[in-house]
Structure formats: C-alpha cells, structure tokens
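Good morning, colleagues. Please take a moment with the sequence and the structure on the screen before I begin my remarks.

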Amino acid sequence: MISSKFLALALAAGLPLSNALSIQERANITQTFQSSFSPGTKIYLASDPNFANETTQRWTVYEEPTYAAAIIPALASDVQTIVKIAGRYGIPFLATGGGHGLSTTLSKIQNGISIDLSRFKNVTINEAASTVTVGGANVFSDVFETVWNAGKEMATGSCACPGIVGATVGGGVGRLQGLHGLIIDTLVSVVMVTADGSLVTASETENADLFWGVRGAGPNFGIILWATYKIFDQTNGGYAFNADFIFPANESHNHWQALKEVSKNMPAELALISGINYNEAHGGLNILVNAVYYGPEAEGRALIAPFYNNNPLVSNTSYVHVSQLISVAAFGLFADTQCDKGKHVNTYTVGATGVDVPTWDAHVQNFTALYQTYPQARLSTAFVETFPNQAVLEADGSKTAVPQKHREITNYVFVTPSLPSLSPMGNFQLTTRENERKKRLWGYNYADPSIDTQINQFASSARTAFTATSGFEDLELYVTYAHGDEGPQTWYREKLGQLEQLKRKWDPNQLFGFMNPVPLK
Ligand SMILES: Cc1cc2nc3c(=O)[nH]c(=O)nc-3n(C[C@H](O)[C@H](O)[C@H](O)COP(=O)(O)OP(=O)(O)OC[C@H]3O[C@@H](n4cnc5c(N)ncnc54)[C@H](O)[C@@H]3O)c2cc1C
C-alpha cells in the first residue's frame, strides 16, 4: 500500500492529465487527494506486489479491463472525491463490486482506476419495514447467510459470489424470480454517487427518473454504495427440495425432451439448470441437471419425474433449509468453486421462451466435436437456466429500464464455454480432503487463449442457431449476461430513447460508459 500519491498514480496510468496540466496543477491535485481522502482509504498501484491479494480481482480475464491502480475508498465522501477528480481530469474509472462482470465492453477501460468497493459490505435487515440493505460490494452468499438465517428470503442470483448490486443493476435473475420477480423488481432505493460527485438517494419518490434508469442500465448512471430490497417470508417454511442428476451422452436427447415437458407449465416454485459437461468418469460428454423446488419433497419429485425416468448415472436428492442450498445444489457447483478468480471464460448467451429439442441435440453434437478437437476446452460447459417468470411478468415493467421482451425470457442459454465444468470434481464421491485438493484446479483457465478465434466462431454460430428457435424474432437476452458485441438496441430495446435522455441529464460526459454503454448520439 502506498499513501495517496495521486500524481504517481496518474503518471503510472499514463493518464491525460500528465500532459494537460502544469507541475503546479499536478501538485495541487496530489494535495487535493491527500487532503480529501479519509485516513482509511487505500491506494494500490498495479505494480504493487500486494495488488492481486489486496484488491478485488476479476472472475474472468477474457477481454478484461486493466488498471494502473485500485483505490479502496473507506467512506462515501472518498468515492465522491475520486469521481469528481477523475471526472475533471478525464481519468477512466470503473466501480468494482464482486468482479464477476462478463461483458467484453469492460475491456474498453485500459490503465484506468478500479474503485474497489470492498469496504462497502454490510447486510442490515429491517424487520419492521421488511427490507434488507446491502453494500455495493456484498455478494449473494452474504445474504444467503443473513437473510435466509433470519427466516426471510429475497430475490437473488443462484451462485455465491457475483455482486448483488452488480447483478441487480442489469435486472437480476434467479431461482425465486417466479415468486418475487427480477431482483430489480424488489429494489426499494439506492444511495449512489453520480457523475458530478453528488451523493443522492434514488427511489420511486426521490430522483425517480434516475431510479428508473438504475433498474436495468445501472452501471451507466453512477456508483451505488447501498441498496435496499424488499424481503419476504420464506416459501415452504424455508425448506427446498434439491435434485441433481448426471446423464450419459446417450440420454441427452431424452433429457432435452424431459426439460421441455417439465418446464411447459412450470410452477413459480420450481427452478431448473441443465448443462453440457465433460467428465472422463462419466464417459466424456454428459448432461448435468439441477432442480430446486421450494415446496414439499413429494410434490418436487412428482414435478420432475421425467428426469428420474431417463436413467441417470448419478442422482443426488436432498430436502434442505434454504441457507444450505448453495452448498448442495448442483453438487455444490454454485458455491465457493464459482468464486475463484482469474479464469479465461468467454460467455455468449441467448434468451428463449422455451426449450427447442433439435437445437439442443445439434448443440450437443457440436460440443462433442469441440471437446474432441480441442481437448484444452474440456473444462468448458454450456448450460441453460430454466426459470419461471410469473412474478417477472406481473411486475409493472414500465417502472424499470428492463425491456418488456426480456421479461418473457424463461430460458437463459449460455451457448458456449462459460462455467468451468465439473470435470476436476471426478465422480462426486471424493473425501473432503480430496475435494479440497481438486478444488484448487478450479483456478485453471478452462480454455487456451490461442483458440479464442475458434471458440468465438463456434459461439457466434451457436448463438445464431439458438436465436432462430428462441421464440423471439431477434436475439433477446438479459443484459448482464451479454457477451458485449450485441449493441445497445439489443440490450435496451424500446427503453433506449429514454435511457439516452437520462444519460444526457445524469452523465453527459459519459464517465460511466464501460458496461454495455448507453450511447449519446
Ligand atoms: C459465476 C457467475 C454466476 C452468475 N450468476 C448470476 C445469477 O445467478 N443471477 C444474475 O442475475 N447474474 C448472475 N451473474 C451475472 C452477474 O450478475 C454479472 O456478471 C454482474 O455484472 C456481476 O457483478 P459484479 O459486481 O460481481 O461484477 P463487477 O465486475 O464488479 O461489476 C460489473 C459491472 O457492474 C458495475 N457495478 C458493480 N457494482 C456496482 C455498484 N455497487 N454500483 C454501480 N455499478 C456497479 C461495475 O462497474 C461493472 O460495470 C453471474 C456471473 C457469474 C460470473
């Protein structure tokens, strides 16, 4: 850690101010930072040996942003100071929450400053108001521990480590969306720093226009330090039925058929995830399935009966308190193993309204060839989250910047190398010690960067195929799952015009323009 030497930081970054300002002016800036930051704020230059350990790193390094330095502000006023000074001198910056951002647009920031929000982590439940307030860098597992243990539930994502706010600001999808809507539909208010460095509250009654934009295009409008959400009484007394399956390749067609059947009139309490996976122990390509039902076990078993009929190689079921779900669901895949940073993961997604069996059959064939041709891609998987959307459609879509069509999505398809596969986990019968040892392999980059071109070709063509049978006329997707090349029309659809107007008002100089940006004409 170094002291607040802004000049050194700016010079290291090769930032515009090094040419634009006189020595006296630079000295003033140094003083401005030093005198304005609270004592707890820390600055790490990228060259600092502690940089990787002390600052939040990225989940994927594919097309990642790069930083000359990271600042870990201690107080809201420190965030305001950074935004004001960086804005004044044209220094590019990006807020970092959980570090799980996927869009390749993030790579537009090079040698910038990461405003690492890791000091903004606090989960406070207000029982009387039935709300919870989280910090800008809290991750999903933080609420799994506190909100779930307090006997409440809220709309969240499915994995442990993405930032709650980072997910929220694009919409936020998860297993409970059939009951509570998108995460954004449960957002009550935010406290954020806007482009002019002001600290403002946004809610339906205060800065309502900004609040509308935050709910779907959030990273375009500021840095959220605290966000307050509705919480609910736990469904089914806080217990859920969890079922995991592994099917061999020759049951693949039957699985997509079963998925189509099970998801046809899906109850709001059911959530399904299916993935194409590679594991020598299971004959190479295999299909992994996770089903969660927030209801009695017998009802859950009946709903997913078609999966049991398909001769799984492995099936593992349990009836658990929801606070335990993250450790058991999908053999624990969504817990800490998805938190490791520094993987080379390149995601492409498509939103669909149903399951098209021939498209999945063809995709399995293509994945078989991919695994054969590129053994180094065998730690890759494609998967689909099949989530109900009753409450997503019931919510008043005009209150958010999420396009109405995106609320119709019930199948979030990751067409190509996305989550690292389960292969290192062997046959799931490992002892705890073996598990720990194998888990370290999760740091492994799933794909060799030298095959990026081939992977991108594979992915683009898969995206086209899934789009053609998605139930939509064009490519529709959840913006936070975007690859980054789709463009603002696809990300924001009919909301784009209003978002442009908002951008002109709240961020005319486009300081917040690195995550699926809303362009200004
Ligand atoms: C393994 C994995 C699992 C996922 N599971 C889900 C899921 O179940 N449901 C779901 O909806 N999404 C999920 N996602 C997608 C995830 O929501 C997005 O990738 C999201 O952008 C991650 O936010 P982050 O804070 O972790 O990432 P970061 O890379 O830190 O941030 C991503 C973007 O959001 C901005 N941002 C982050 N925090 C703030 C803040 N406090 N204020 C303003 N802007 C902020 C950043 O500036 C950046 O532009 C998953 C992603 C991964 C990699």
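I begin with the ligand, and I should say at once that this is a predicted model. A nitrogen atom of the ligand lies 2.9 Å from a polar backbone atom of Ile 224. On its own the ligand would expose 940 Å², and 97% of that is buried by the protein. Two further short distances involve the protein backbone. At Val 173, a polar backbone atom is 2.7 Å from a nitrogen atom of the ligand. At Gly 99, a polar backbone atom is 2.8 Å from an oxygen atom of the ligand.

Which residues come nearest to the ligand? There are 34 residues around the ligand, and those that come nearest are Ala 95, His 100, Ser 158, Val 173 and Tyr 478. Val 173 thus appears in that group and also has the backbone atom I have just described.

Let me now turn to the sheet. Five strands form an open sheet in the order β5-β6-β10-β8-β9, and their pairing is antiparallel. At the edges are β5, residues 124–126, and β9, residues 199–203, each of which pairs on one side only. Direction ignored, neighbouring strands in this sheet are turned by 15 degrees against each other on average.

Within the sheet, consider the pair β8 and β9. Strand β8 covers residues 187–193, runs antiparallel to β9, and is joined to β9 by five bridges. In this pair, Ser 189 is placed opposite Ser 203 of β9.

Which helices pack on the sheet? One of them is α5, residues 76–89, which touches β8, β9 and β10, the last spanning 223–230. The direction of α5 makes about 135 degrees with that of β10. Helix α9, residues 208–217, packs on the sheet as well, touching β8, β9 and β10. In this case the angle given is with β8, and the direction of α9 makes about 100 degrees with that of β8.

My final point concerns Ser 103, which sits in the loop between β3, residues 93–96, and β4, residues 112–116. Is Ser 103 buried or exposed? Ser 103 counts as buried because its relative accessibility is 2%, and the cut-off for buried is under 20%. What does Ser 103 contact beyond its neighbours within four places in sequence? The residues in contact are Glu 63, Ala 482, His 483, Gly 484, Met 515 and Asn 516. With Asn 516, the side chain of Ser 103 makes a polar contact of 2.6 Å, side chain to side chain.

Thank you for your attention.

Terms used
Residues are numbered from 1 along each chain as its sequence is written. This is a predicted model: local features need pLDDT of at least 70, side-chain atom pairs count only at pLDDT 80 or more; totals for chains, interfaces and linings use all residues. Side-chain values use heavy atoms; hydrogens and water are left out. Two strands pair if DSSP finds at least two bridges between them. Helices (H or I, at least four residues) and strands (E, at least two) are DSSP runs, numbered from the N terminus. Axes are lines fitted to C-alpha atoms, for helices over the stretch in contact, and angles run from 0 to 180 degrees between N-to-C directions. Contact means heavy atoms within 4.5 Å. Buried means under 20% relative accessible area, exposed over 50%, partly exposed in between (1.4 Å probe, protein chains only). A polar contact is a pair of N or O atoms within 3.5 Å; within protein, one must be able to donate a hydrogen and the other to accept it, and residues adjacent in sequence count only if both atoms are side-chain atoms. A residue is near a molecule or strand if one of its heavy atoms lies within 4 Å of it. Accessible areas come from the Shrake-Rupley method with a 1.4 Å probe; for residues, only the protein chains shown count as cover.
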